[in-house]
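Welcome! Below are some exercises with worked solutions, to be read with the structure open beside you. Try each task yourself before reading on.

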Amino acid sequence: KDSPDEENAVTIGLFLDRVLVGACKVSIINAAYPQSQWGEFFPQEMKRLLNSGITLIDPARLVAALEVADRCPELPFLMMRIPVAACQHFPADECLSIVRRSHAPFYRRMFRAKPLAPPKLYEPLDVELVIATCTIREVWDEVLTRNPFWRVHPVELREMFGPVSDMPAFADFDKTVPNVKLIEEALKFAATNDTEPSEKIA
């Protein structure tokens, strides 16, 4: 069960014609902020990840309206833009994927996500889930080059998630972290497409 006051998470909604059609909860988890809905379902795997000292982006609760998806086949890719944007914004080490077994090949192909354990039955939904991670700095150039529609301007990232340092895990955020490279590339991309930032980026 989710806590309504999780300080390490933000929930982003996707609207189509002013109607909410999907949402994604993005949590930033590490040893200091370990709260994740998957801690009890994959306890050993989550413990190993947190004990390793890394910080992860956990894009849980990725949901979309089925009735809209039937008439808008692009919806899953639009929804995927939220966790991809989080990986561009936050200087985390890895991104967590906990998905249906049938969806695991997509994540392996698209993000080079590596499974951490065999599929496990999630009884509430009667589906097998796979836990996997991808190393952000190893795959992101490839991901954004192959899928430029997932590249997000820094201004939009700020509007979606707020300043990086607002997230407790990054309270001491240092702009020399690797993800600054992603920001610089986004600015270059915007410049080549005649897109001007609408506000100053701090």
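## Exercise 1: The largest pocket

The largest share of the lining of the largest pocket comes from α3, which supplies eight residues. Keep in mind throughout that this is a predicted model.

**Task.** Describe the largest pocket: how much space lies in it, which residues are closest to its centre, and how do its lining residues divide into nonpolar, polar and charged?

**Solution.**

Step 1. Start with the volume: the largest pocket holds about 1000 Å³ of space.

Step 2. Next, look at the middle. The lining has 34 residues, and those closest to the centre of the pocket are L62, V63, V99, H103 and Y107.

Step 3. Now find the elements around the pocket. Those that give two or more residues to the lining are β3 (56–64), α2 (66–71), α3 (75–89), β4 (94–100), α4 (104–111) and β7 (127–135).

Step 4. Finally, sort the lining by character: 28 residues are nonpolar, three are polar and three are charged.

## Exercise 2: The overall layout

**Task.** Work out how many helices and strands the protein has, and in which pattern they follow along the sequence.

**Solution.**

Step 1. Count the elements: there are seven helices and seven strands.

Step 2. Read them in order along the sequence, and the pattern is β-β-α-β-α-α-β-α-β-β-β-α-α-α.

Step 3. Consider burial across the chain. Of the 202 residues in the protein, 44% are buried.

Step 4. Check how far apart in sequence the contact partners lie. Among contacts between residues at least 6 apart in sequence, 73% join residues at least 24 apart.

## Exercise 3: From β1 to β4

**Task.** Follow the strand pairings from β1 to β4. Which pairs run parallel, and which antiparallel?

**Solution.**

Step 1. Begin with β1 (residues 9–16) and β2: they run antiparallel and are joined by eight bridges. One place to see this is G13, whose bridge partner in β2 is A23.

Step 2. Look at the turn of this hairpin. Two residues lie between β1 and β2, and D17 takes a positive phi near 55°.

Step 3. Move on to β2 (residues 19–29) and β3, which also run antiparallel, with seven bridges between them. Here G22 has A64 as its bridge partner in β3, while S27 has D58.

Step 4. Turn to β3 and β4: these run parallel, joined by two bridges. L56 stands opposite E94 of β4.

Step 5. Return to β2 and ask how covered it is. Nine of its eleven residues are buried, which makes β2 mostly covered.

## Exercise 4: Two helices with a buried side

**Task.** Find the buried residues of α4 and of α5, and say where they sit around each helix.

**Solution.**

Step 1. In α4, the buried residues are A104, Y107, M110 and F111. Seen down the axis of α4, they fall within an arc of 140°, so they line one face of the helix.

Step 2. Recall a rule that helps here. An α-helix has 3.6 residues a turn, so residues three or four places apart point the same way.

Step 3. Ask what covers the buried residues of α4: the cover includes β3, α3, β4, β7 and α5 (136–146). Just past the end of α4, R112 takes a positive phi of about 55°.

Step 4. In α5, the buried residues are I136, V139, W140, V143 and L144. These cover an arc of only 130° around the axis, which puts them on the same side of α5. The face turned away from that buried side carries the exposed residues E138 and T145.

## Exercise 5: Two residues up close

**Task.** Is S97 buried or exposed, and which residues does P168 touch?

**Solution.**

Step 1. Locate S97: it lies in strand β4. Its relative accessible area is 9%, and buried means under 20%, so S97 counts as buried.

Step 2. List its partners. Setting aside neighbours within four places in sequence, S97 is in contact with Y107, V130, I131 and A132.

Step 3. Now locate P168, in the loop between α6 (154–161) and α7 (180–192). Not counting residues up to four places away in sequence, P168 touches E7, N8 and Y33.

Step 4. Compare sequence and space: P168 and A9 are 159 residues apart in sequence, and 9.4 Å apart in space, C-alpha to C-alpha.

Technical notes: Residues are numbered from 1 along each chain as its sequence is written. This is a predicted model: local features need pLDDT of at least 70, side-chain atom pairs count only at pLDDT 80 or more; totals for chains, interfaces and linings use all residues. Side-chain values use heavy atoms; hydrogens and water are left out. On a 1 Å grid over the protein atoms alone, a cavity is a set of points where a 1.4 Å probe fits but cannot get out, and a pocket is an open set with protein on both sides within 12 Å along at least five of seven lines; lining residues have an atom within 4 Å of a point. Grid points are joined across faces, edges and corners, and a volume is the space filled by probe spheres set on the points. Helices (H or I, at least four residues) and strands (E, at least two) are DSSP runs, numbered from the N terminus. Ala, Val, Leu, Ile, Met, Phe, Trp, Tyr, Cys and Pro count as nonpolar, Asp, Glu, Lys and Arg as charged, and the others, Gly among them, as polar. Buried means under 20% relative accessible area, exposed over 50%, partly exposed in between (1.4 Å probe, protein chains only). The arc is that of the directions from the helix axis to the C-beta atoms. Contact means heavy atoms within 4.5 Å. Two strands pair if DSSP finds at least two bridges between them.
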